[in-house]
Amino acid sequence: MNNTRFATALHILTLLAHKPEEWLSSDYIAGSICINPVMVRKELAVLNEAGLVISRKGKEGGSRLNRPGGEISLTDIYLAVKNSEVLGKKNRNTNPLCPVGRQINTRLDDLYTDTDRLITTYLERRTLSDFAGQFR
């Protein structure tokens, strides 16, 4: 996942965890991350679809956590925003006549699956509350 989606989502959720009773606006969140509020709203839509946040529109609108931070694992966040393999993309057109080219993507599939399992297992032991607690 060679992008900032996980970091952005975790930043958003950490802000929401610090003010669990408030509806935080995308402008407020964007100001903390120093990104465009449109990008925040896009990530909030993904987090909403994953059931991690709830949002409401209008003058009194904003977003907040859908459940307590102690019930949200970092794996939940990772899986919500994951859109590529951690180790990167595979070469799609390898040489089928080469002993390596013929098998490389199958072997990479195994490696990617194992790597993803290690990451999700590690992140599963940590909650949003654990992470957010570092910022008091």
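**Exercise 1.** Determine whether Cys34 is buried or exposed, and classify Cys98 likewise.

*Solution.* Buried means under 20% relative accessible area, exposed over 50%, and partly exposed in between (1.4 Å probe, protein chains only). Cys34 has 68% relative accessibility and therefore counts as exposed. For Cys98 the relative accessible area is 29%, so Cys98 is partly exposed. Next, a disulfide is taken as a pair of cysteine sulfur atoms within 2.5 Å; by this rule the count is zero. Across the protein, buried residues make up 34% of the 136 residues.

The model is predicted: local features need pLDDT of at least 70, side-chain atom pairs count only at pLDDT 80 or more, and totals for chains, interfaces and linings use all residues. Residues are numbered from 1 along each chain as its sequence is written, and side-chain values use heavy atoms, without hydrogens and water.

**Exercise 2.** State how many helices and strands the protein has, and assess its overall spread.

*Solution.* Helices (H or I, at least four residues) and strands (E, at least two) are DSSP runs, numbered from the N terminus. The protein contains six helices and two strands, in the sequence pattern α-α-α-β-β-α-α-α. Its radius of gyration, taken over C-alpha atoms, is 18 Å, well over the 14 Å from the globule rule (2.2 Å times the number of residues to the power 0.38), so the protein is more spread out than a compact globule. The C-alpha trace spans about 65 × 30 × 25 Å along the principal axes.

**Exercise 3.** Find what share of the contacts with a separation of 6 or more joins residues 24 or more positions apart.

*Solution.* With contact meaning heavy atoms within 4.5 Å, the share in the protein is 66%.
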